[in-house]
Amino acid sequence: MTNKQGQNRQNQARRESKGKRTESGRQGQNGESRQMRRSGGIGQKSNNERTGAATNGGGRGRNGAGSASSRRNREGNSSQAQIEGLPVTKNDEVAIDIIGMNHDGEGVGRAEGYTLFVQGALPGEKVRVKVLKTKKQYGYAKLLDVLTPSPDRVATPCPIYDQCGGCQLQHWSYAGQLAWKRQHVIDALERIGKLHVAGELQAGSGAAEAAAHGAVDAEAGPGINVLPTLGMAEPWRYRNKAQVPVGVTDGALVGGFYARGSHRIVDMETCLIQHEHNDDVVSHVKAIARDLGVTAYDEETGRGLLRHVVVKKAFRTGEMMLVLVTNGRDIPHADAWIGLIREQIPQVVSICQNVNTKQTNVIFGDETRVLWGRDVIYDYIGEVQFAISARSFYQVNPVQTEVLYNKTVEYAGLTGKETVIDAYCGIGTISLFLAQHADQVYGVEIVKEAIEDARSNAELNGMTNVKFEVGASEDVIPRWKQEGIEADVIVVDPPRKGCDPRLLETILEMKPERVVYVSCNPSTLVRDLRILEDGGYRTVEVQSVDMFPHTVHVECCSLLVRKD
Ligand SMILES: C[S@@+](CC[C@H](N)C(=O)[O-])C[C@H]1O[C@@H](n2cnc3c(N)ncnc32)[C@H](O)[C@@H]1O
């Protein structure tokens with residue numbers, strides 16, 4: 001792909017993202033997924049295309065919301081003017097070779113040099129497609145037949161994969177997905193960052209350690225070691241949280257996901273990337289609601305009680321929380337409801353109600369109360385314990401979160417004597433991980449509630465060597481510098497838009513030994529790596545971690561060391 005084509009794709013992604021319903025709109029104000037918060041911060045609306053977990057699925061909208069408008073975009077409209085000189089026009093049927101995959105998980109094909117994006121097509125395949133929409137530089141086409149299938153094409157186990165949109169890559173073998181995620185990072189490093197990637201070095205080869213300790217020529221540099229993506233041994237049933245919209249379809253209460261391109265809720269009994277217990281609880285709650293005659297919220301009229309069923313499962317402790325999001329405070333037959341839930345689902349230790357009476361697609365309202373049991377459930381990532389409330393953010397794939405954080409700690413190279421800054425710290429999960437191995441950790445985060453959670457989790461774990469401050473990293477860290485705080489290591493984990501330039505400047509001025517950059521957006525990651533490289537750092541290693549199997553989301557952890 002040429003630079004121009006790469007640029008076109010980025011422009012395309014930007015244009016599409018503008019049409020998408022915001023993740024914060026779907027997920028509530030308190031940052032319900034790591035990836036969502038990357039789209040602009042907890043509680044902040046953003047137009048950024050975002051990655052990550054949706055209501056019940058893993059991708060841009062188990063509720064279909066994220067994918068709906070982009071699909072509408074792809075479907076084109078009948079009034080589309082003919083663009084002169086293109087080799088294809090709308091409704092043409094052509095056979096094309098698929099030569100790659102874009103970051104939306106669409107196969108990238110060429111019809112006489114003209115780029116067509118085809119959902120469901122895999123690299124290496126020959127497919128027959130129908131052109132849906134054409135633009136000057138590229139168009140969209142619908143997959144009609146796979147003429148030559150990729151050896152990596154697999155049968156999709158999920159019966160609603162085609163309708164749902166939460167996952168984008170189930171038709172690709174897991175090994176194929178992981179290899180693509182690594183290649184995606186390499187492409188970004190080379191094409192956008194203009195950075196030199198080393199040849200094939202394997203994980204555990206010691207290359208990172210050797211490079212970090214100067215065992216290679218610092219000027220010429222050995223090239224960045226891009227490790228194979230760390231995937232899951234069992235890449236199913238990995239989500240610990242379900243957020244299921246409830247509504248009325250054909251007169252009956254249903255809960256599931258939004259059908260593609262519409263606001264019609266399709267009932268769903270199981271989601272293969274969701275923990276089974278979350279599926280069970282949602283099913284029970286729907287059945288109880290139907291038995292008790294509870295009304296479902298109607299988006300059009302703003303009437304009806306039950307809006308969302310949110311379920312959280314602590315993988316380590318087994319504890320579960322149920323949150324009923326209701327359009328009003330009064331719940332008819334509340335005692336019967338609570339009694340039935342307790343009787344039928346004994347793992348639930350907390351039943352909460354969140355009241356949201358606004359006609360909005362934001363899931364949570366401002367008022368949350370406990371209906372029965374505790375106000376939090378407890379879980380662990382590694383050795384660190386977390387209290388999870390109805391609204392607090394918690395990573396949705398706890399198994400891979402531990403993998404990512406362990407990598408972050410490894411890259412930080414801590415001996416117990418270091419001062420570490422954790423920028424964009426959220427509820428301080430990485431800070432608390434680092435604090436186990438450092439002398440002092442400072443965390444900064446823009447959302448006040450997240451810092452409150454961070455402080456109480458530090459207390460819960462008896463950690464006294466970590467301080468948290470509310471504010472923008474680009475404001476607070478320069479002030480810390482002026483106050484004389486010197487960091488040996490700076491960890492950044494910014495939203496999708498990447499680091500603020502003022503923060504990057506401050507990092508270059510503070511000159512920490514190491515910078516560890518955790519990112520969910522390879523494009524902004526490599527843009528920032530380029531700036532840090534130009535300012536005196538060398539990117540030693542990049543490790544992608546598959547936080548959301550079967551979706552297009554790519555998460556990375558990168559180690560940079562000072563060239564001098
Ligand atoms: C990708 S999340 C990282 C969260 C955390 N490190 C974790 O692993 O859970 C990015 C965080 O940056 C916060 N944020 C966004 N802009 C910020 C800024 N300018 N300064 C500080 N925090 C910011 C968001 O609210 C969000 O919590």
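## Helices, a barrel and a shared core

In helix α10, the buried residues are Pro 398, Gln 400, Thr 401, Leu 404, Tyr 405, Lys 407, Thr 408, Val 409, Tyr 411 and Ala 412. This is a predicted model, and α10 is a friendly place to start looking around it. The helix has 15 residues and reaches 21 Å from its first C-alpha to its last, close to the 21 Å expected at 1.5 Å a residue. Just after α10, Gly 413 takes a positive phi of about 60 degrees.

Helix α6 can be read in the same manner. Its buried residues are Gly 176, Gln 177, Leu 178, Trp 180, Lys 181, Arg 182, His 184, Val 185, Ala 188, Leu 189 and Ile 192. Among the elements that cover them are β1 (93–101), β6 (225–230), α15 (522–534), β21 (537–545) and β22 (555–562). Just after α6 comes Lys 194, with a positive phi of about 50 degrees. As background for both lists, an α-helix has 3.6 residues a turn, so residues three or four places apart point the same way.

The table sets the two helices side by side.

| Helix | Residues in helix | First to last C-alpha | Expected span |
|---|---|---|---|
| α6 (174–192) | 19 residues | 26 Å | 27 Å |
| α10 (398–412) | 15 residues | 21 Å | 21 Å |

### The whole chain

Stepping back, the protein chain holds 15 helices and 22 strands. Of its 564 residues, 51% count as buried. Taking contacts between residues at least 6 apart in sequence, 66% join residues at least 24 apart.

### The barrel

Strand β1, met above as part of the cover of α6, also belongs to a closed barrel of five strands. The barrel runs β1-β2-β3-β5-β4, with mixed pairing. From one strand to the next, the twist averages 50 degrees.

Where do β4 and β5 meet, and in what sense do they pair? Strand β4 (residues 126–134) and strand β5 (residues 138–148) are antiparallel, joined over eight bridges. They form a hairpin with three residues between them. Within this pairing, Thr 134 stands opposite Gly 139 in β5, and Arg 128 stands opposite Asp 145 in β5.

Strand β4 has another partner in β1, again in the antiparallel sense, here over five bridges. In that pairing Glu 93 stands opposite Lys 130 in β4.

A record can be laid over this region: an unreviewed UniProt entry places the feature "domain: TRAM" at residues 87–145. Over that stretch the chain is 0% helix and 64% strand, and the end C-alpha atoms are 20 Å apart.

### The nonpolar core

In soluble globular proteins, nonpolar side chains tend to be buried together. Here the largest nonpolar core has 138 residues, and those with the most contacts inside it are Leu 322, Ala 423, Leu 434, Val 491 and Val 516. The largest share of this core, six residues, comes from strand β11 (residues 320–326).

Which residues does Val 516 touch, beyond those up to four places away in sequence? They are Thr 408, Tyr 411, Ala 412, Val 489, Val 491, Cys 557 and Leu 559. Thr 408, Tyr 411 and Ala 412 bring us back to α10, where they are among the buried residues.

### Annotated positions and a loop glycine

The unreviewed UniProt entry also places the feature "binding site" at Gln 395, Tyr 424, Glu 445 and Asp 493. Gln 395 lies in the loop between β15 (384–389) and α10 (398–412). Asp 493 is in the loop between β19 (489–492) and α14 (501–510).

Why does Gln 395 count as buried? Its class follows from its neighbours, because 24 other C-beta atoms lie within 10 Å and the cut-off for buried is 20 or more. Asp 493 is buried too, because 25 other C-beta atoms lie within 10 Å of its own. Leaving aside neighbours within four places in sequence, Asp 493 is in contact with Tyr 424, Ile 430 and Val 518. Of these, Tyr 424 is itself one of the "binding site" positions in the UniProt record.

Gly 535 offers another loop to visit, between α15 and β21. This glycine is partly exposed, because 15 other C-beta atoms lie within 10 Å. The C-alpha atoms of Gly 535 and Leu 508 are separated by 6.2 Å, with the two residues 27 apart along the chain.

Methods: Residues are numbered from 1 along each chain as its sequence is written. This is a predicted model: local features need pLDDT of at least 70, side-chain atom pairs count only at pLDDT 80 or more; totals for chains, interfaces and linings use all residues. Helices (H or I, at least four residues) and strands (E, at least two) are DSSP runs, numbered from the N terminus. The expected span of a helix is 1.5 Å times one less than its number of residues. A residue is buried if 20 or more other C-beta atoms lie within 10 Å of its own, exposed if 12 or fewer, and partly exposed in between; C-beta atoms are placed from the backbone. Two residues are in contact if their C-beta atoms, placed from the backbone, lie within 7 Å. Two strands pair if DSSP finds at least two bridges between them. Axes are lines fitted to C-alpha atoms, for helices over the stretch in contact, and angles run from 0 to 180 degrees between N-to-C directions. A nonpolar core is a set of buried Ala, Val, Leu, Ile, Met, Phe, Trp, Tyr and Cys residues joined through C-beta atoms within 7 Å. UniProt positions are given in the numbering used here, feature names are shortened, and annotations may be inferred rather than shown by experiment.
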